Structures are given as structure tokens and as C-alpha cells.
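Grab your favourite viewer and work through the exercises below. Try each task yourself before you read its solution.

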Number of protein chains: 2
Amino acid sequence: MVDNNIKLTVDAIIFGYLIQEKELQILLIKRKYEPFKDMWALPGGYVKDDESLEDAVLRETKEETGLIDEPYLDQLYTYGDLNRDPRGRTVSVAYYGLINTKKLTASTDALEAKWFPINDLANLAFDHDKIISDALIRLRNKITYQPIGFELLGDKFTIPQLHSLYQTILGKEFDRRNFIRKFKKFNILEDLNEKETGVPNKPASLFKFNKVKYQEKIEQGFYFEI
Amino acid sequence: MVDNNIKLTVDAIIFGYLIQEKELQILLIKRKYEPFKDMWALPGGYVKDDESLEDAVLRETKEETGLIDEPYLDQLYTYGDLNRDPRGRTVSVAYYGLINTKKLTASTDALEAKWFPINDLANLAFDHDKIISDALIRLRNKITYQPIGFELLGDKFTIPQLHSLYQTILGKEFDRRNFIRKFKKFNILEDLNEKETGVPNKPASLFKFNKVKYQEKIEQGFYFEI
DNA sequence: CCAAAAGTGTTGAAACTACACCCATGG
DNA sequence: CCATGGGTGTAGTTTCAACACTTTTGG
């Protein structure tokens, strides 16, 4: 039909969160080839004819970073400016992902993949700094009205951890009591009747996110909002 | 580099609004060729190598519908499922647009383009019903936190028209006094000190949206929300 | 003068903010 | 017993929701 030479790629902005350090991070790879050789960049690459966009994101991310588990993924935006890739016209569908940081670390060294604190990123290839900035804005918006913050914590977490996560990502303080009260009123956290261990102070209670209950409430017209 | 055969297209969901009838509409075209010949579909088509995605949307929309003025455009989502186009793998970047309905009508007949009420759409080609449904959800969300509803009205409009627009799009009633009070408190409407004409009852005052003032307020941390 | 839609204030309920003390644990 | 962070209630303020009558115009 029409013969165009536009190449289609995907890019992944994978967010991780260090609970102890209260730090939001992004997973980047060091480019092995030109253009932008040796610069840090988002994982990503060409989409194959027979794979969906999400499959392409997952495949490229795993190949390039050694990530094992599958992150929660959401489509961010499609970048199509004329000169964003010096090799020729390239349109990239960006997805952002959230993952519990514990679930990788291991295999990344050989592949030159590395977590970077969001506030201390390397110089990035292509228009990737703009993409990351967009992803961060989206993440900040989305955690206020969708319960996706849990994806960055483990299956079990404490309320103070959740509190810190929100404060870190949104860059502002929430009164502890008001925050807890609001979250508890949603009634989507399940008390596991366990305490955290290994802390030199009063241990906090552990909770998990009850996805089933959340879905039920959504169907009944419930809206989550922080 | 990698040799893939993925075709890149754009699709446009152009929304219009009939003030008198209080009806939200979408601009569709009748397909001239297979596949889905003679079915109604969203305007759209292949992206050229040397045009941006937005330019492609505008070009295709104008060519296929005879639309003269340029609609307000926002990227919606990118659709990339494997079998969405029977001709082969096609990824489509969808944009939704808002336009003052008065600004076309004329030249559409020859081209077989037509406005359809959102609640009474034809059977649609491809996955276009899903795309429209997504666009409508996005529009409903967006008008609650961005002042884009004005794009559907003329430069001059009355508060009751704005009130009806919100009620129509969101499918629910707003108390008239509370709605007006809220909007007035935002202080982004400029009273033109004119009255509407040709109505058989008390004429309403005309206003315009003060974009400059809105931008100023945004920079000062103001958030619009209905 | 009549019909139709515009315009305008107040009150009670609900949600939000700010704030301080005691408790459980490890060292 | 000390340091550290966890856990909890209340009161004042602000925002939100509900509600009805008078005004202006064209016919």
C-alpha cells in the first residue's frame, strides 16, 4: 500500500523504589552501539511483526536489563517527532513500569544495566530525558487516583512505608494521622496480623493490598483518591 | 537495521457539540475501499515520512472530511493489537479533537463525511468502536480538570450553554447555582457585557474564556476542577 | 399578561487540616 | 533506661450539596 520507512520502537521507563532509602529509581542501560554509544538510555527497541506492543516492551526490557519478573505496565505516550532518532524516522511507543526493586539486582551487571535515583540521572540518549520527565508526571498523577503504589512495595508492607512512598514520589509531606485515616477508610488494605522484624523500635503492622475487594468497590462506584 | 513491516497510521476522533440540541457528536467518514468498504470509520490514514503525527492527523482529517478549521488535538492512545487490520500489522496512534461544530457543515457531503450523535453511531470499521469508547472516557475525565470544554462552544458562550455542555458530556446533572458559583470563583471567564439574541425569554450574558488569565493562574499553582 | 429560561443566597452536612502524647521494641 | 519510630482522637475551618423565588425578554 503506502510505502513508508517509519520504524516503530518501544521504550520502557521502569520505576523502582528503595524502601530503606526512600528513593525512587529508574532502570537504564548503557548503549553498546551508535548512535549515542556508551550513553545511558531507556531499555527498548524495535517491535517485531508478530508481537504486541506490550510484549515488545517486556521482551526488550528483559533482554537488555536482565529483569526477571514482569513489571506492572501502562502505556505512557507515543513520541513521533521528525528528528528524534538520527538514524531516520522513528516513532516510539513508551510504556512506564512499576516493580518491586528487590526482584532483580542480581543479573544486571554483565548487561550494563543500572538503577539510577530519579534525582540524579546520567546524561541520556535521544529524547529520553523528556520521556522520563513525562513518565514521572504521569506516575505522580496516577498514584493519586489509582492504587498502583503497591506495585513498588513488596506483597507485604507497612503503613509507614506506604506513607513514605507517597511522600517521596509526590515530593510533599502528608500528615501521618490523616494519611492513615484516609487509606483505612478505603478499606482496601488487609491486616496480616504480623509485625515487621529487624527494626530497633516499635515494629509496624504488615498489610497487603486486597485487589479483589478493590475491584468490587470500583464496580460499586467507589473512587480511590489521595 | 531491523526489517519490519509494521505500518503506522493515525486516527482522529473529532468531537463536536450541538448547542441547541445539547448533543455530542463525532465526525465519521464512509470508507470507499476494502476492507470494510461502505462502512463508517474514523478519519485517518498512513503517516508520511516527513510529517509529525499531529500533522498527519490534521492532514487526513481535512482531506477526508472537508474540515476547514483546525481542531484542538490531544493524543489519546496507540493501538497495536496484532489483528486489528486485516491488511497486515498496523499500529495506529489515535488523537481526539474538539471543534466548534459550526465551523464545517458545508463541504462534507461530497466526501461522505457525517456527524453522528455519540449515542447513535453506525456500525464501525476496524476496532473503531473501542477507540471511540476510549476517547469518550478520556474526554469525560479531561473536561473535569482542564478547561477544554470551551473548544466545543464558540468564542462567545453563555453560562447556561456551558452548564448544558458539562451535563451532556458527563451524563449527569449539576445544580445550576453551585455550578455557576464554582466556575465564577475560578475567575477565568470574561464577561463580554453582551447578551445573547433571538431567544424568546430572558437573554443570558455572553462570556469568553480568558486563556491568558488561566495560564497565569496555572503558573501560580491553581488547579481547575469541576 | 403569559411562558420560558436567567439569575441569585443561605444553611446544614461532610470533608479536611492541624496538632501532641503514649507505646513497643532493640540495644 | 534510652532512643527511635509506631500508633491513635478531637476540634475548628473550609468546602460541598441542597433548595425557591424574582427578573427579563418575546410573543
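Here are four exercises, each with a worked solution.

This is a predicted model, so to speak of local features takes a pLDDT of at least 70, side-chain atom pairs count only at pLDDT 80 or more, and totals for chains, interfaces and linings use all residues. Residues are numbered from 1 along each chain as its sequence is written, chains are lettered from A and ligands numbered from 1 in the order in which they are written, and side-chain values use heavy atoms, with hydrogens and water left out.

**Exercise 1. Work out what surrounds DNA strand C and which atoms touch its bases.**

Step 1: Collect the neighbours, meaning residues with a heavy atom within 4 Å of the strand. You should get 19 residues, and the closest are Val199(A), Pro203(A), Pro160(B), Arg176(B) and Asn201(B).

Step 2: Sort them by class. There are six nonpolar, four polar and nine charged residues. Here Ala, Val, Leu, Ile, Met, Phe, Trp, Tyr, Cys and Pro count as nonpolar, Asp, Glu, Lys and Arg as charged, and the others, Gly among them, as polar.

Step 3: Find the elements, using DSSP runs numbered from the N terminus (helices are H or I, at least four residues; strands are E, at least two). Helix H4 (176-186) of chain A and helix H4 (176-186) of chain B each supply at least two residues, and H4(B) gives the largest share, five residues.

Step 4: Look for polar contacts to bases, that is, pairs of N or O atoms within 3.5 Å; within protein, one must be able to donate a hydrogen and the other to accept it, and residues adjacent in sequence count only if both atoms are side-chain atoms. The side chain of Arg177(A) puts an N or O atom 3.1 Å from a base nitrogen of strand C. Asn178(A) also has a polar side-chain atom 3.1 Å from a base nitrogen, while Lys202(A) uses a backbone N or O atom, at 3.4 Å.

**Exercise 2. Now do the base contacts of DNA strand D.**

Step 1: Of the 18 residues around strand D, Pro160(A), Arg176(A), Asn201(A), Ser205(A) and Lys202(B) come nearest.

Step 2: Check chain B side chains against base nitrogens. Asp175(B) has a polar atom at 3.3 Å, Arg177(B) has an N or O atom at 3.2 Å, and Asn178(B) has a polar atom at 3.1 Å.

Step 3: Split the strand atoms within 4 Å of the protein: 36% belong to sugar or phosphate and the rest to bases.

**Exercise 3. How much area do chain A and chain B bury between them?**

Step 1: Buried area is the accessible area (1.4 Å probe) that two parts lose on being put together, summed over both. The two chains bury about 2,300 Å², 54% of it on carbon and sulfur atoms.

Step 2: In chain A, Asn4(A), Asp49(A) and Gln75(A) lose the most area, together 22% of what that side buries.

Step 3: Count the polar pairs. Nine residue pairs are in polar contact, both at pLDDT 80 or more.

**Exercise 4. Is Thr65(B) buried or exposed, and what does its side chain reach?**

Step 1: Thr65(B) is placed in helix H1 (residues 53-65) of chain B.

Step 2: Its relative accessible area is 0%, so Thr65(B) is buried (buried means under 20%, exposed over 50%, partly exposed in between; 1.4 Å probe, protein chains only).

Step 3: A polar side-chain atom of Thr65(B) lies 2.6 Å from the backbone oxygen of Thr61(B), and the side chain of Thr65(B) reaches the backbone nitrogen of Leu67(B) at 3.2 Å.
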